[in-house]
Amino acid sequence: MNNNKSLFIASFMTLIAAGVGFAIRGGILGDWGAQYGFTKFDLGTITGGGLVGFGVVILLASLITDNIGYKPILLLAFILHVLSALVTFAATPVFESMGKDATYWCLYIGMFMFAVANGLCEAVINPLVATLYPRQKTHYLNILHAGWPGGLIVGGIIAAIYTNMKGDVASLRWEMPMAVFLIPTLIYGFIVIKQKFPQSEAKSAGVSFGQMLMTFASPLLLFLLLLHACVGYVELGTDSWIASITESILKKSGEGQGLYLFIYASSIMFVLRFFAGPIVEKINPLGLLFVSACFGSVGLYMIGSSEGVLWVWIAVTVYGLGKTFLWPTMLGVVGELFPKGGAITMGAMGGIGMLSAGLLGGPGIGYNQDYFATEKLEEISPQAYERYSVAEATGFLFLPKIKGLDGSKVSVLNNDGKDLEKKVEQLEKEGKTDEYISNLNSWWQGAEAFAPEDIGPVDKAGIYGGRMALKCTALVPLVMAIGYLILVLYFYTKGGYKAEVLHGEEPDGEHYTGGVEGPVE
């Protein structure tokens with residue numbers, strides 16, 4: 001295996017690791033809510049914290065990537081991936097000894113470290129692949145980013161297996177599936193330690209740091225950054241919640257539907273990203289982005305409106321087609337139009353996308369679910385709302401503060417208190433005390449009598465909240481479509497979309513741009 005392929009596989013594996021961790025986390029959010037008593041907003045900020053860490057690190061690491069090289073950054077990412085697992089797995093012991101608030105920060109920090117590792121990887125792999133394949137950047141960046149949905153598929157399957165087994169295997173804990181992301185982590189770590197890396201395309205062409213920064217004076221680049229912030233919100237922000245929301249919509253059709261839909265949408269992405277090259281040859285990258293955004297907007301609105309299993313699957317198909325090419329094609333466009341920006345422009349794109357997903361997407365979609373669910377529950381059953389809402393109200397940005405539904409209480413209601421009863425019996429058998437479980441059990445003693453009349457409204461409110469959150473999110477890709485149409489028209493007036501290559505001569509064997517020496521085998 002030549003060095004190029006080894007480095008590409010290592011880059012691919014970093015996204016597999018990120019996707020596996022992301023998908024499994026999405027599949028176990030309900031466990032965190034039930035076990036630790038988090039609201040949807042709490043869970044959204046935990047997942048969002050991970051994406052924020054991702055974004056901040058891409059921005060910072062991209063400033064130094066061209067100077068210190070790819071290898072040291074990937075080695076640091078490998079170490080942080082392993083450490084993030086250790087911190088995250090400490091959540092249950094921390095909950096038992098220090099309570100809910102400490103557990104929140106334990107999970108938040110663990111997810112933040114995981115995202116920092118992902119961010120370091122992202123800061124490297126995009127400019128690295130652009131260096132390896134300088135005249136087919138959009139094509140190979142799409143293939144590279146097939147690793148992300150590939151990881152989502154693997155993680156989604158594992159999460160589905162875990163969901164189906166945990167009811168029968170009492171000792172099965174969420175930490176078990178979560179640990180799987182360490183497998184691709186070890187693979188890429190081994191390759192990084194063994195292989196040598198090339199210089200970046202920009203550095204080998206003699207582009208100075210100042211010249212890289214000057215690319216940000218371009219209004220076109222700033223507009224692309226704004227559009228990519230929308231991409232981060234609609235793709236990663238939605239992916240944090242899509243399995244949970246579709247699961248609630250199809251609750252009557254059987255447990256696990258949400259994860260199956262998530263796997264299905266990820267499979268669409270995985271397959272189609274290998275064919276981005278031929279598609280871009282038919283329509284330029286901006287045309288592809290415009291069509292994708294239109295599909296994304298329609299798909300999200302359809303999911304929020306669909307009734308019945310068949311229509312939800314059709315809606316998810318449309319959404320999957322829409323989100324497939326957005327992220328990697330945006331990176332390809334920036335790499336083709338601003339090659340002098342090197343890792344800095346690539347990092348800025350990834351960073352702004354992740355920051356948007358983390359600060360706005362994950363928490364915002366979680367807040368919208370809480371907002372519309374509480375609005376509906378207060379309308380149809382104020383008494384049930386009082387029983388199942390959290391004690392303290394929280395807000396998001398400039399939006400009003402609300403008291404969302406307590407995940408632990410809703411979980412107890414959904415399984416008729418059976419899991420809670422088992423926990424209480426286990427604690428009594430072991431002679432242990434747990435203040436949180438005791439308080440939850442005391443609450444259930446008073447709420448159990450109202451359960452038959454509460455379960456319908458609470459369930460209906462949760463489904464309504466999820467549907468409305470997706471409908472609101474559908475506005476984001478609609479705005480993106482308008483932006484891409486503006487760019488198509490702009491380049492039409494300029495004579496068409498044209499990619500810029502730093503060196504005029506054809507690179508030898510499509511390994512590196514002219515004048516760049518390949519790494520020592």
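These legends describe close-up views of a pocket and two helix pairs in a predicted model.

**View 1. Lining of the second largest pocket.** The volume of this pocket is about 500 Å³. Its lining counts 24 residues. Closest to the centre are G37, K100, A391, D406 and Y436. Sorted by class, the lining holds nine charged, eight nonpolar and seven polar residues.

**View 2. Helices at the second largest pocket.** Helix 4 (91-98) and helix 23 (435-447) each give at least two residues to the lining. Helix 23 has the largest share, with five residues. Y436, one of the residues closest to the pocket centre, also belongs to the contact of helix 23 with helix 21.

**View 3. Packing of helix 21 against helix 23.** Helix 21 spans residues 407-414. Its axis comes within 11 Å of the axis of helix 23, and the two cross at roughly 55°. Helix 21 is therefore oblique to helix 23. Their crossing is right-handed. On the helix 21 side, the contact is made by S408, K409, V412 and L413. Helix 23 contributes Y436, L440, W443 and W444. Six residues of this contact are nonpolar, one is polar and one is charged.

**View 4. Geometry of helix 16 and helix 25.** Helix 16 covers residues 285-305, and helix 25 covers residues 475-493. Their axes lie 8 Å apart, at an angle of about 165°. Angles over 145 degrees count as roughly antiparallel, so helix 16 and helix 25 are roughly antiparallel to each other. The crossing of this pair is left-handed.

**View 5. Contact residues of helix 16 and helix 25.** From helix 16, the contact takes in L286, G287, L289, F290, A293, C294, G296, S297 and L300. From helix 25 come P477, L478, M480, A481, Y484, L485, L487, V488 and F491. By class, 15 residues of this contact are nonpolar and three are polar. No charged residues take part in the contact of helix 16 with helix 25.

Note on methods
Residues are numbered from 1 along each chain as its sequence is written. This is a predicted model: local features need pLDDT of at least 70, side-chain atom pairs count only at pLDDT 80 or more; totals for chains, interfaces and linings use all residues. Side-chain values use heavy atoms; hydrogens and water are left out. On a 1 Å grid over the protein atoms alone, a cavity is a set of points where a 1.4 Å probe fits but cannot get out, and a pocket is an open set with protein on both sides within 12 Å along at least five of seven lines; lining residues have an atom within 4 Å of a point. Grid points are joined across faces, edges and corners, and a volume is the space filled by probe spheres set on the points. Helices (H or I, at least four residues) and strands (E, at least two) are DSSP runs, numbered from the N terminus. Ala, Val, Leu, Ile, Met, Phe, Trp, Tyr, Cys and Pro count as nonpolar, Asp, Glu, Lys and Arg as charged, and the others, Gly among them, as polar. Axes are lines fitted to C-alpha atoms, for helices over the stretch in contact, and angles run from 0 to 180 degrees between N-to-C directions. Angles under 35 degrees count as roughly parallel, over 145 as roughly antiparallel, 65 to 115 as roughly perpendicular and the rest as oblique. A crossing is left-handed if the near helix is turned anticlockwise from the far one by less than a right angle, and right-handed if clockwise. Contact means heavy atoms within 4.5 Å.
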